[in-house]
Amino acid sequence: MAPWGKRLAGLRGVLLDISGVLYDSGAGGGTAIAGSVEAVARLKRSRLKVRFCTNESQKSRAELVGQLRRLGFDISEEEVTAPAPAACQILKERGLRPYLLIHDGVRSEFDQIDTSSPNCVVIADAGESFSYQNVNNAFQVLMELENPVLISLGKGRYYKETSGLMLDVGPYMKALEYACGIKAEVVGKPSPEFFKSALQAIGVEAHQAQ
């Protein structure tokens, strides 16, 4: 059996990261990584089920998919597992009203969420919104709660754009953890529940995916 065939033996599905694997984000919509468009097309022509996982939290899924399609990828919004929709589900299930320390580009994902009188904080890669005032507001909300809840859309340290390396949400999450003496609940990579939800979406068990 060919090496490629051996690697596929017993596999039913593939989870693919997006940023830094399929494309590098940046000005003008970013750039596709060499060979990635063709690789996705080849996988989708195979018998394997494909799911795309991302910690992207500066864009809504619709915006991200639109950008990827313009770069040549055959991807639909329904094929993408992202942390913002997962966080919204958690907020609704637990009756949480967040202070949102997030990027304006992903704010539309939270349109149906009650943000009055916050009883938790949701933090994401907020970019320029990581001002002292906004981070301090999040800190104050947490410190005023008897049982503070900090939900982070990922915990990455940094990521790559076409212009260079950029700080991710992780350092800011850690700052709030340290200041408030709490532990964040991570929604997104590398949380096992995040990957489990992606596998459930394609009906594949963990040992059947790569």
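A disulfide is a pair of cysteine sulfur atoms within 2.5 Å. Keep that cut-off in mind for the first of these close-ups, all of which come from a predicted model.

**View 1. Cysteines without a partner.** The structure holds zero disulfides, and two cysteines help to show why. Take Cys53 to begin with: the closest cysteine sulfur, in Cys88, is 18 Å from its own sulfur, so a bond is ruled out by distance. Cys53 is also buried, with a relative accessible area of 2%. For Cys120, the closest cysteine sulfur is again in Cys88, and at 11 Å it is too far away for a bond. Cys120 is buried as well, at 0% relative accessibility.

**View 2. A parallel sheet of three strands.** Here we turn to an open sheet, in which three strands follow the order β1-β4-β5 with parallel pairing. Its edges are β1 (13–17) and β5 (80–81), each of which pairs on one side only. Between β1 and β4 (residues 49–53), five bridges are found, in the parallel sense. If you follow the pairing to Asp17, you will find that its bridge partner in β4 is Cys53, the buried cysteine of the previous view. Helix α7 (residues 192–202) lies across β1, β4 and β5, and runs at about 145° to β4.

**View 3. Arg51, a buried charge.** Staying with strand β4, this close-up is centred on Arg51. Which side chain of opposite charge is nearest to Arg51? That is Glu79, 7.2 Å away, and Arg51 has no salt bridge although it is buried. Beyond the neighbours within four places in sequence, the contacts of Arg51 include Val14, Leu15 and Leu16, along with Glu78, Glu79, Val80 and Thr81. Ala198, Ala201 and Ile202 are also among the residues that Arg51 contacts.

**View 4. Lys189 meets Asp17.** The structure has a count of eight salt bridges, and one of them joins the side chains of Lys189 and Asp17, with an N to O distance of 2.6 Å. This pair links distant parts of the chain, 172 residues apart: Lys189 sits in the loop between β11 (185–186) and α7, while Asp17 belongs to strand β1. Asp17 is partly exposed, with a relative accessible area of 23%.

**View 5. Glu79 and its network.** The side chains of Glu79 and Lys44 form a salt bridge at 2.9 Å, N to O. Distant parts of the chain are linked here too, with Glu79 in the loop between α3 (61–70) and β5, and Lys44 in helix α2 (residues 36–45), 35 residues apart. Is Glu79 buried or exposed? At 18% relative accessibility, Glu79 counts as buried, whereas Lys44 is partly exposed at 27%. Do look for Asp74 too, since Lys44, Asp74 and Glu79 are linked in a network of salt bridges.

**View 6. Arg94 meets Glu185.** Our last stop is the salt bridge between the side chains of Arg94 and Glu185, at 2.8 Å, N to O. Arg94 lies in helix α4 (residues 83–94) and Glu185 in strand β11, so the bridge ties together parts that are 91 residues apart in sequence. Both ends are partly exposed: Arg94 has a relative accessibility of 42%, and Glu185 has a relative accessible area of 30%.

Terms used
Residues are numbered from 1 along each chain as its sequence is written. This is a predicted model: local features need pLDDT of at least 70, side-chain atom pairs count only at pLDDT 80 or more; totals for chains, interfaces and linings use all residues. Side-chain values use heavy atoms; hydrogens and water are left out. Two strands pair if DSSP finds at least two bridges between them. Helices (H or I, at least four residues) and strands (E, at least two) are DSSP runs, numbered from the N terminus. Contact means heavy atoms within 4.5 Å. Axes are lines fitted to C-alpha atoms, for helices over the stretch in contact, and angles run from 0 to 180 degrees between N-to-C directions. Buried means under 20% relative accessible area, exposed over 50%, partly exposed in between (1.4 Å probe, protein chains only). Lys and Arg count as positive and Asp and Glu as negative; His and the chain ends are not counted. A salt bridge is a side-chain nitrogen of Lys or Arg within 4 Å of a carboxyl oxygen of Asp or Glu.
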